[in-house]
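User: I am new to this structure and should like to understand how its descriptions are justified. Please take me through the reasoning behind the terms.

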Amino acid sequence: MAYTSGKLTKNLVRTLGPGRHGDGHGLYLVVDPSGARRWIVRVTVKGQRNRQGKPLRTDFCLGGADVVTLDVARERALEYRHLAKQGLNPKYHKDQDVPCFEEVARQVHIERLPTWKNPKYGQQWINTLADYAFPKIGRMPVSDIDQPEILQVLSPIWTEKHETARRVAQRMKAVLEPGRVATARVKIR
């Protein structure tokens with residue numbers, strides 16, 4: 001669910017004058033009077049309140065614009081927002097490495113490959129996920145995938161390709177079950 005249609009462009013990142021320039025979704029380019037440029041993301045951590053009882057908004061530095069590109073800044077901002085939405089403060093949880101759906105799916109495929117009698121079935125297993133699931137949720141961490149994301153994958157094909165949709169649903173379940181266990185282990189730390 002990464003967004004690529006922010007307000008800033010690579011050219012603007014290089015040429016904007018001093019100030020705080022918003023890209024959207026809480027991502028800002030801060031340009032100092034000296035010309036130094038850095039990325040800031042502002043998130044509201046779910047369930048946390050400041051002293052006045054209002055939601056806690058916190059700014060996090062993502063790095064200098066000379067080192068961190070616009071695309072990388074957007075990806076990192078998205079990760080920080082996902083953590084904050086879960087009620088986790090990105091300051092303490094940013095080092096978590098939650099695998100994405102595609103990584104877990106390919107691992108499950110490799111693990112199950114020897115158990116299938118027909119190699120053609122093994123290839124179909126991963127191809128259906130590559131065709132229908134990876135374009136929509138492939139880069140999402142498995143911890144962020146819930147019913148709306150699953151419906152996003154299955155809804156377009158459910159009525160026209162019902163058998164394919166049923167198989168995709170079964171395969172997604174096979175991917176998400178071990179992924180959720182691994183994610184739970186990461187969160188316990």
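**Reasoning from values to terms**

Analyst: Read from the N terminus, the elements of the protein chain follow the order α-β-β-β-β-α-α-α-α-α-α. In total there are 7 helices and 4 strands. The model is a predicted one.

User: Why is C100 called buried?

Analyst: Buried requires under 20% relative accessible area. C100 has 5% relative accessibility, so the residue counts as buried.

User: What makes C61 partly exposed?

Analyst: The term partly exposed applies between the limits of 20% and 50%. The relative accessibility of C61 is 46%, and therefore C61 counts as partly exposed.

User: How many disulfides does the structure hold?

Analyst: The structure holds 0 disulfides. To count, a pair of cysteine sulfur atoms would have to lie within 2.5 Å.

User: Why is L62 called buried, and where is its place?

Analyst: L62 has a relative accessibility of 6%, set against a limit of under 20%, so the residue counts as buried. Its place is in strand 4, which covers residues 55-64.

User: Which residues is L62 in contact with, beyond its neighbours within four places in sequence?

Analyst: Contact means heavy atoms within 4.5 Å. With those neighbours left aside, L62 is in contact with L27, W39, V41, V68, A73, R76, A77 and Y80. As for Y80, this residue is 18 residues from L62 in sequence, and their C-alpha atoms are 9.7 Å apart in space.

User: How do you know that the span of helix 2 agrees with what is expected?

Analyst: The expected span is 1.5 Å times one less than the number of residues. Helix 2 (residues 70-85) has 16 residues and should therefore span 22 Å; its end C-alpha atoms are 22 Å apart, which agrees. The buried residues of this helix are L70, A73, R74, A77, L78, Y80, H82, L83 and A84. Just after helix 2, G87 takes a positive phi of about 90°.

User: What makes strand 1 and strand 2 a pair?

Analyst: Two strands pair if at least two bridges are found between them. Strand 1 (residues 19-24) and strand 2 (residues 27-31) have 5 bridges, in the antiparallel sense, so the definition of a pair is met. G24 stands opposite L27 in strand 2. The hairpin of these strands has 2 residues between them, and there H25 takes a positive phi near 60°.

User: What percentage of the protein chain counts as buried?

Analyst: Of its 189 residues, 38% count as buried. The chain exposes about 11800 Å², of which carbon and sulfur atoms supply 51%.

Note on methods
Residues numbered from 1 in each chain as written. Predicted model: local features only at pLDDT ≥ 70, side-chain atom pairs only at ≥ 80, totals over all residues. Heavy atoms only, no water. Buried < 20%, exposed > 50% of the residue type's maximum accessible area, 1.4 Å probe, protein only. Areas by Shrake-Rupley, 256 points an atom, 1.4 Å probe, with all protein chains shown as cover.
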